[in-house]
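The following report introduces a single protein chain to a reader who has not met it before. Please keep the sequence and the structure in view while reading.

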Amino acid sequence: RMEKIIVRPATGKLGVLCVGLGAVTSTFITGVLMARKGLAKPVGSMTQYDKIRVGKGAKKQYLHYGEIVPLADLNSIVFGAWDVFPANAYESAINCEVLKEKDINPVKDELQQIVPMKAAFDHNYANRLNGSNVKDCETRWDMVLQIREDIKRFKEQNNCDRIVVIWAAS
């Protein structure tokens, strides 16, 4: 038996919090910021660029993902991150050298505003990483509580309706 699934509309601001602010995250954020300014196409983003076939035969049609399910508009996204290094998203993007500086500079001001929160870090899992921007926690439970507080604070400070966390760290 099929039950009807109700999906709420994607209204308000969407907070996208990234674990790690290195090459993957800084490139991702730069691309979104460039796309929403109309300075780049969202190539590689299925939800922004691609269409998907819906239906068969005479009922077949090709729709953008946002025509099928409610998606946040690029302009409603607010970015945040955690990282073991204190470099902001602009510094990270420059240091990682995935993109050229000329391609990063049009969104420099926005990238500089994204300063990573202290990371929940354990040297046992990434023993070749030595960053100074880490939480001071006695236990794993303390880390969990601090992360919860980070999310709550970010959501309130940025007036976000929803939060998504993406893992992009070592």
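Is Thr-25 buried or exposed? In this predicted model, Thr-25 is buried, with a relative accessible area of 2%. Thr-25 belongs to helix α1. Leaving aside residues up to four places away in sequence, Thr-25 is in contact with Cys-18, Gly-20 and Ala-168.

**Overall arrangement**

The protein chain contains 6 helices and 6 strands. Along the sequence, these elements follow the pattern β-α-α-β-β-β-α-α-α-β-α-β. Taken along the principal axes, the box filled by the C-alpha atoms is roughly 60 × 45 × 30 Å. The protein chain has 170 residues, of which 31% count as buried. Its exposed area is about 11,600 Å², and carbon and sulfur atoms supply 52% of that area. When contacts between residues at least 6 apart in sequence are considered, 69% of them join residues at least 24 apart.

**The nonpolar cores**

The largest nonpolar core has 21 residues. Within this core, the residues that touch the most other members are Val-16, Ile-29, Leu-33, Ile-77, Phe-79 and Leu-111. Four elements give two or more residues to the core, namely β1 (13–19), α1 (23–36), β4 (77–83) and α3 (89–96). The largest share, 5 residues, comes from α1.

Which residues does Leu-33 touch, not counting residues up to four places away in sequence? Leu-33 touches Phe-79, Val-107, Glu-110 and Leu-111. A second core, separate from the largest one, has 7 residues, including Leu-17, Val-78, Trp-82 and Phe-154.

**The cysteines**

The model has 0 disulfides. Cys-18 takes part in no disulfide, and the nearest cysteine sulfur, which belongs to Cys-160, is 12 Å away. Because a disulfide requires two cysteine sulfur atoms within 2.5 Å, this pair does not qualify. Cys-160 is likewise in no disulfide, its nearest cysteine sulfur being that of Cys-18. Cys-18 is buried, with a relative accessible area of 1%, and Cys-160 is also buried, with a value of 7%.

**A nonpolar patch on the surface**

Nonpolar side chains also appear at the surface, where Ile-52, Val-54, Ile-68, Val-69 and Leu-71 make a patch of about 330 Å². One of these residues, Leu-71, is located in the loop between β3 (61–64) and β4. The relative accessibility of Leu-71 is 34%, so this residue counts as partly exposed.

**Salt bridges**

The structure holds 6 salt bridges, and three of them are listed here.

| Salt bridge | Closest N to O distance | Location |
|---|---|---|
| Asp-122 and Arg-140 | 2.2 Å | loop between β5 (117–118) and α6 (140–157); helix α6 |
| Arg-153 and Glu-149 | 3.9 Å | both in helix α6 |
| Arg-153 and Asp-150 | 2.7 Å | both in helix α6 |

What does the pair of Asp-122 and Arg-140 tie together? Asp-122 lies in the loop between β5 and α6, whereas Arg-140 lies in helix α6, so their salt bridge ties together parts that are 18 residues apart in sequence. Arg-140 is partly exposed, at 47% relative accessibility.

The other two pairs share Arg-153. Glu-149 is 4 residues from Arg-153, about one turn of the helix, and Asp-150 is 3 residues from Arg-153, also described as about one turn. Arg-153 has a relative accessible area of 33% and is partly exposed. Glu-149 is partly exposed as well, at 38% relative accessibility, whereas Asp-150 counts as buried, at 4%. Through shared partners, salt bridges join Lys-135, Glu-149, Asp-150 and Arg-153 into one network.

**Summary**

Helix α1 links several parts of this description: it holds the buried residue Thr-25 and gives the largest nonpolar core its largest share of residues. Helix α6 holds Arg-153 together with its partners Glu-149 and Asp-150, and these three residues belong to one salt-bridge network with Lys-135.

How values were computed. Residues are numbered from 1 along each chain as its sequence is written. This is a predicted model: local features need pLDDT of at least 70, side-chain atom pairs count only at pLDDT 80 or more; totals for chains, interfaces and linings use all residues. Side-chain values use heavy atoms; hydrogens and water are left out. Buried means under 20% relative accessible area, exposed over 50%, partly exposed in between (1.4 Å probe, protein chains only). A nonpolar core is a set of buried Ala, Val, Leu, Ile, Met, Phe, Trp, Tyr and Cys residues joined through side-chain atoms within 4.5 Å. Contact means heavy atoms within 4.5 Å. Patches are made of residues with over 30% relative accessible area and no salt bridge: like charges are joined within 9 Å, nonpolar side chains (Val, Leu, Ile, Met, Phe, Trp, Tyr) within 5 Å. Accessible areas come from the Shrake-Rupley method with a 1.4 Å probe; for residues, only the protein chains shown count as cover. A salt bridge is a side-chain nitrogen of Lys or Arg within 4 Å of a carboxyl oxygen of Asp or Glu.
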